[in-house]
Amino acid sequence: MAILEAECLTKVYEEGGSRVEALRGISLDLEPGEIVLLEGPSGSGKTTLMSVAGCLLSPTSGRLSVEGRAVDFASAEDMVRVRRESIGFIFQSFNLFPALTVLENVLFALQVRGRRTPDYEREARMILEQIGLGHRLDFIPAKLSGGEKQRVAIARALSGGSRIVFADEPTANLDSHVGLEVLEIFRKLAKEEGRAVLVATHDSAVRKIADWVLKIRDGQLIEEGPPVTDPEKGHP
Amino acid sequence: MVDLSMKMLLHDRLRFALTAFGVAFSVMLVLVQVGLFEGLIGYAADTILPIRQADLWITSRNTQNIDFANYFPQNLVNRVRSVPGVERADNLMVDFMPIHLPNGSSDGVMVYGLTHYWKWGVPWNVVKGNPLDLRGGPYMFLDDFATHRYGPFQVGEYREIVNQRLKIIGIMHGIRSFTTIPVAFLDFYRAQALTDITFGKTAYILVHLAPGADREAVMAEIRRRLPYNDVFTRKAWAKKGQDYWVFKTGLGFNMGMIVFLGCLVGVVILAQTLYTTTMEHVREFGMVKAIGGTNGDIYQLLMRQAVVIAVTGFLAGTILAFLIKPLARKGDLDLLLSPTLLSIVFVSTVVLCLLASTISFRKVSRIDPALLFRS
């Protein structure tokens with residue numbers, strides 16, 4: 001059963017008399033343990049699709065259900081609830097809280113998600129240990145490398161038990177070696193922990209871990225299927 | 001618990017310090033201005049409230065304050081003495097007169113004249129001399145505040161008021177008029193005789209009530225017997241004088257404007273800083289929303305920041321005001337920082353800081369967390 005089901009999502013921006021159709025009836029399913037790659041040129045609607053599917057934006061039309069519950073886009077509270085309970089975000093520019101340490105960044109996310117039990121610090125430490133940042137707990141983001149920042153962002157996205165992870169260009173600001181490490185983390189999240197991961201990227205290396213690829217252009221799904229082998233580079 | 005509001009605030013310590021200083025400056029401005037004002041207005045009652053034996057004051061009709069005395073026949077005091085419930089009533093002369101100084105210059109002096117000083121506990125704060133001696137000749141008590149205007153003087157020296165040479169036989173401390181003119185105490189008849197205008201007249205009648213007397217009934221009877229005079233309780237008379245200076249001279253309006261401007265400066269500084277800070281942290285606030293935080297969570301965060309700035313600014317501003325207090329005293333000004341004033345300013349500071357933060361609330365409520373996708 002899909003953990004996220006989107007059906008005929010449309011999003012129209014109207015401003016100053018101009019009308020832009022950013023999404024034109026896109027449907028998608030995310031299964032637990034699945035990594036879906038979202039590809040498309042700039043302006044194709046990738047970000048809008050992630051924003052709508054991630055309950056950051058309400059669509060103009062269409063339906064979305066997350067973990068079996070239909071999202072009521074008319075209710076800001078319901079969208080907040082879905083984000084808090086089910087979805088974690090990872091952004092290209094990390095968006096960490098610069099005033100907080102690595103541990104505090106994760107702790108704060110847990111707090112916002114309602115985890116204020118005495119065990120929540122242990123939970124945060126455990127997530128950070130798993131992701132290889134146990135030795136950087138008291139560092140502020142400014143003292144971390146790009147890869148470490150992205151790991152903190154991943155740890156924060158995972159905090160609170162989010163079963164769906166949306167990652168936007170997660171390797172764009174990383175060198176290729178560190179990028180591969182981050183992709184390996186994504187693979188583990190999906191295959192070992194059963195989380196669904198939607199990755200929007202131009203990085204072809206992501207194809208190596210993807211189970212399914214969606215290609216969109218001008219707000220429409222133009223192609224989908226399993227990742228195909230790139231004969232020139234010799235990898236899937 | 002991770003307190004993001006404090007962490008954000010202290011992450012840029014210089015900005016926090018500047019913001020808190022802006023609030024502190026406003027708090028200090030308001031405290032000093034209002035404190036000086038209260039001290040100044042206090043002078044208007046400085047020669048009324050300490051005469052505790054005077055339960056009632058009788059003035060000529062429509063007298064506005066003690067310094068602007070009008071005169072009425074001195075023998076009216078006998079009518080007052082015969083009112084049931086009056087234990088004692090005496091005339092009090094108050095008049096502004098010229099005093100001639102040893103260096104050849106002249107200045108002003110507020111002359112107070114009373115017959116039975118010891119019965120009324122006047123003058124108070126006596127540093128040297130015995131008020132009983134005032135009846136013995138052309139003598140006077142002079143407040144040491146006069147040193148600032150007349151130059152140094154000692155007991156045993158002479159000064160000339162109008163054309164009467166008077167020997168200084170006593171010195172008081174801290175008795176002054178609202179107009180800052182030094183105060184001298186003379187025997188009633190000697191003060192009365194200094195000018196022709198006051199011959200046979202008095203400025204006020206002091207009344208001490210008999211134990212158990214019905215004050216209202218006594219006042220009503222005095223009003224009946226002295227239909228062309230006003231009768232006040234001590235506190236009401238003091239308040240009337242203070243109200244005169246506050247409301248009829250523009251002093252109160254001026255003070256209100258200064259307080260308003262002080263508050264405005266503080267609110268503008270804080271609102272601007274909080275707004276700028278909010279704008280600089282838009283992505284962080286967006287992130288709070290993205291991980292499931294509500295506008296309410298962010299409002300709380302901003303409110304905590306506003307309260308922390310308000311408390312820090314208040315404490316710093318209060319310390320500054322207390323540091324200015326001795327400097328004001330050197331300038332012969334009383335800076336009154338009463339617990340009531342401090343409480344009012346504290347509550348106002350917190351409320352105004354919270355109001356200032358509402359401008360940021362509006363911005364935050366419109367933050368679209370989807371902006372985080374933009375790098």
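These are my notebook entries on a predicted model with chains A and B, written for anyone opening it for the first time.

**Entry 1: the sheet of chain A**

I began with the strands of chain A. Four of them, in the order S2-S1-S4-S5, make an open sheet with antiparallel pairing. I then asked myself which strands stand at the edges of this sheet. They are S2 and S5 (69-70) of chain A; each has a single partner strand, so one side of each is left without a neighbour in the sheet.

Next I looked up the pairings one at a time. S1(A), residues 4-15, runs antiparallel to S2(A), residues 18-30, and the two are joined over 10 bridges. On its other pairing, S1(A) meets S4(A), residues 61-66, again in the antiparallel sense, this time over 5 bridges.

A few residues helped me find my way in the model. Leu4(A) has Leu30(A) of S2(A) opposite it. Glu5(A) is a handy marker, as I could follow it into two strands: Asp29(A) stands opposite in S2(A), and Ser65(A) stands opposite in S4(A). I also kept a general reminder beside the drawing: side chains in a regular strand alternate between the two faces of the sheet.

**Entry 2: turns and loops with a note beside them**

How many residues lie between the strands in the hairpin of S1(A) and S2(A)? I found 2, and Gly16(A) in this hairpin takes a positive phi near 55°.

Glycine is not alone in my list of positive phi values. Glu67(A) has a phi near 50°, which is positive in a residue other than glycine. I located Glu67(A) in the loop between S4 and S5 of chain A.

In chain B I noted a peptide bond instead. The bond from Val122(B) to Pro123(B) is cis, and its omega is near -10°. Pro123(B) sits in the loop that runs between helix H4 (117-120) and strand S5 (126-128) of chain B.

**Entry 3: where chain A meets chain B**

I turned to the interface of the two chains. On the chain A side 29 residues are in contact, and on the chain B side 23. Together the chains bury about 2,500 Å², with 68% of that on carbon and sulfur atoms.

Which side chains form the salt bridge between the chains? The count is 1, and the partners are Glu104(A) and Lys7(B), at 2.8 Å from N to O. For polar contacts, I noted 8 residue pairs across this interface, both residues at pLDDT 80 or more.

Then I asked which helices of chain A supply the touching side. H1 (46-53), H2 (76-86) and H3 (102-112) of chain A each bring at least two residues to it. H3(A) gives the most, with 6 residues. Sorted by class, the side of chain A that touches chain B has 16 nonpolar, 6 polar and 7 charged residues.

**Entry 4: the two domains of chain B**

My last look was inside chain B. The domain assignment splits chain B into domain 1, made of 2-43 + 250-373, and domain 2, made of 62-227. So that I could picture the layout, I wrote down the separation of the domain centres, which is 48 Å over C-alpha atoms.

How many residues of each domain are in contact with the other? There are 5 from domain 1 of chain B and 5 from domain 2 of chain B. The area buried between these domains is about 520 Å², and carbon and sulfur atoms give 60% of it. In domain 1, Leu40(B), Tyr43(B) and Asp332(B) lose the most area to domain 2, together 89% of what that side buries.

I counted 0 salt bridges across this domain interface, and 1 residue pair in polar contact, both at pLDDT 80 or more. Helix H2 of chain B, residues 13-43, gives the most to the side of domain 1 that touches domain 2, with 3 residues. By class, this side of domain 1 has 4 nonpolar residues, no polar ones and 1 charged residue.

Technical notes: Residues are numbered from 1 along each chain as its sequence is written. Chains are lettered from A and ligands numbered from 1 in the order in which they are written. This is a predicted model: local features need pLDDT of at least 70, side-chain atom pairs count only at pLDDT 80 or more; totals for chains, interfaces and linings use all residues. Side-chain values use heavy atoms; hydrogens and water are left out. Domain bounds come from an automatic or database domain assignment. Contact means heavy atoms within 4.5 Å. Buried area is the accessible area (1.4 Å probe) that two parts lose on being put together, summed over both. A salt bridge is a side-chain nitrogen of Lys or Arg within 4 Å of a carboxyl oxygen of Asp or Glu. A polar contact is a pair of N or O atoms within 3.5 Å; within protein, one must be able to donate a hydrogen and the other to accept it, and residues adjacent in sequence count only if both atoms are side-chain atoms. Helices (H or I, at least four residues) and strands (E, at least two) are DSSP runs, numbered from the N terminus. Ala, Val, Leu, Ile, Met, Phe, Trp, Tyr, Cys and Pro count as nonpolar, Asp, Glu, Lys and Arg as charged, and the others, Gly among them, as polar. Two strands pair if DSSP finds at least two bridges between them.
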